[in-house]
Amino acid sequence: MRLGVYNAVLHDRPLPEALAVIASLGLTGIEINTGGFLPPVHVPTFDQILVSDAARDDYLALFEGTGVSIAGLNCNGNPLHPNPQIGEKHAEDIRRSIRLAHRLGQNRVVTMSGLPGGEPGATVPNWIVNAWNSAALDVLDYQWGIAASFWKEMDRLARDLDVKVALELHPQNLVFNTADVRRLIEATGATHVGVELDASHLFWQQMDPVAVVRELGPLVFQAAAKDVRINPGNAALYGVLDNSFRRLSPEENRTNLGGDEWVNEWPKDSAWDFVALGRGHDTAYWTEFLRALHEVDPDMLVNIEHEDVSLGRIEGLEVAAKVLLDADAALRESLVGR
């Protein structure tokens, strides 16, 4: 296993300081955000790197001697959004990220499948949660046609540049479970599009990430170490699809997602929460998660994503890193002599 951190939580400091934090945790990789929902804070010379060997070499030199290397690029966004201010920009960010990965000697780009509108002329995405009626299946057929065309194009680009594109199975995207992955591969014939196995979004959907890894096998290209805690009392009352979010005003601190879309405030009495590793599932579970990934690829990139709002940036990474390193040590011990 190659263990690291997704850098979004460290966007508050320059890249050299972020690398020092990651090294201090005993981790060796950094997954770098390169566009989509978030700006490429730690790649300020992005445009130059695409065309200049000198700029590329200067950027790679920042990692020398740090003990931390690039562990994939991340361009999470909605490339199928019907608003071109969002969809076309995020789609181009993915293309640029694939090209950047190639320039940097990387072969992994993490993103999302995206979600179109529900019909021609739509201005917002339409996530069909439960297609019990025929009209909902009509919407899905329309959306899958858009997705298949786009991902055929991305697969060709990724194949030409020897880069694997790993899709996070994230709700509010067209591809969010194992059946959707199979459908996308069948619809596109893709060879360089697969999955970034982020356990957190599977947990709250009541899926088993270990079972999903073993079901998808070589389609799992990369993984995220991120936990979820189900809050039984609230979940019993509201279910995990609860929509009690609060819209933040322009005067409040809020994160832009593109165009005029913003992150909302999390429900107060939430049915579930993102938590640091170990706060939803114990080290023994994460050991089995790593074991399943090891069966697919012993050199799998596994990067911590920290979104536990009850812990500070560094504090949350410290908690997660200890659990992940302990799980990795337990896995390695169990493999000795096999």
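In this predicted model, Asp-162 is exposed, because its relative accessible area of 55% is over the 50% that the term requires. Asp-162 belongs to the loop between α5 (134–160) and β5. Its backbone deserves attention as well: phi of Asp-162 is near 55°, a positive value in a residue other than glycine. A second residue can be described in similar terms. Gln-206 is not a glycine, yet it has a positive phi of about 70°. Gln-206 is found in the loop between α7 (199–204) and α8, and with a relative accessible area of 57% it is exposed.

From these loops the reader may turn to the strands. Strands of a sheet pair through backbone hydrogen bonds, either parallel or antiparallel. Here, eight strands close into a barrel, and their pairing is parallel. The order around the barrel is β1-β2-β3-β4-β5-β6-β7-β12. From one strand to the next, the twist averages 35°.

Where does β12 meet β1? Strand β1 covers residues 2–6 and strand β12 covers residues 301–304, and the two pair in the parallel sense over four bridges. Within this pairing, Gly-4 stands opposite Asn-303 in β12. β1 also pairs with β2, again in the parallel sense, over three bridges. In that pairing, Gly-29 in β2 is the bridge partner of Gly-4. Gly-4 can therefore be followed to both neighbours of β1, with Asn-303 in β12 and Gly-29 in β2.

Strand β2 itself consists of residues 29–33, and five of its five residues are buried, so the strand is largely enclosed by the rest of the structure. In a regular strand the side chains alternate between the two faces of the sheet. In β2, Gly-29, Glu-31 and Asn-33 point one way, while Ile-30 and Ile-32 point the other way. Residues of both groups are buried.

Further along the barrel, strand β5 (residues 164–168) pairs with β6 in the parallel sense over four bridges. Glu-168 stands opposite Glu-196 in β6. Six of the six residues of β6 are buried, so this strand too is largely enclosed by the rest of the structure. Helix α8 (residues 209–216) packs on the sheet and touches both β6 (193–198) and β7 (220–225). The direction of α8 makes about 160° with that of β6.

The UniProt record, in an unreviewed entry, places the feature "domain: Xylose isomerase-like TIM barrel" at residues 20–319. In the model, the chain over residues 20–319 is 40% helix and 16% strand. The C-alpha atoms at the ends of this stretch are 17 Å apart.

Helix α7 contains Phe-203. Is Phe-203 buried or exposed? Phe-203 counts as buried, because its relative accessibility is 7% and the term applies under 20%. Leaving aside residues up to four places away in sequence, Phe-203 touches Pro-209, Lys-226, Asp-227, Val-228, Ile-230, His-281, Tyr-285 and Trp-286. Phe-203 and Asn-173 are 30 residues apart in sequence, and their C-alpha atoms are 16 Å apart in space.

Two of the residues that Phe-203 touches, Tyr-285 and Trp-286, lead to the subject of aromatic rings. A pair of aromatic rings is described by the distance of the centres and the angle of the planes. A search of the whole structure finds twelve aromatic pairs. In one of them, the rings of Trp-266 and Phe-274 have centres 5.8 Å apart and planes at 45°, so the pair is tilted. Trp-266 is partly exposed, with a relative accessible area of 30%, whereas Phe-274 is buried, at 13%. Tyr-285 and Trp-286 form an edge-to-face pair, with 6.0 Å from centre to centre and 85° between the planes. Both Tyr-285 and Trp-286 are buried.

Trp-266 and Phe-274 also belong to an aromatic cluster, which they form together with Trp-204, Phe-245 and Trp-272. Charged residues accompany some of the rings. Lys-226 lies over the face of Phe-274, at 3.8 Å from the ring centre. Lys-226 is also one of the residues that Phe-203 touches. In another case, the charged end of Arg-254 sits over the ring of Trp-262, 3.7 Å from its centre.

How values were computed: Residues numbered from 1 in each chain as written. Predicted model: local features only at pLDDT ≥ 70, side-chain atom pairs only at ≥ 80, totals over all residues. Heavy atoms only, no water. Phe/Tyr/Trp six-rings, centres within 6.5 Å; stacked < 30°, edge-to-face > 60°. Buried < 20%, exposed > 50% of the residue type's maximum accessible area, 1.4 Å probe, protein only. Lys NZ or Arg CZ within 6 Å of the ring centre and 35° of its normal. Pairing = 2+ DSSP bridges. Axes fitted to C-alpha atoms, helices over the stretch in contact; angles between N-to-C directions. Contact = heavy atoms within 4.5 Å. UniProt positions renumbered as here; feature names shortened; annotations may be inferred.
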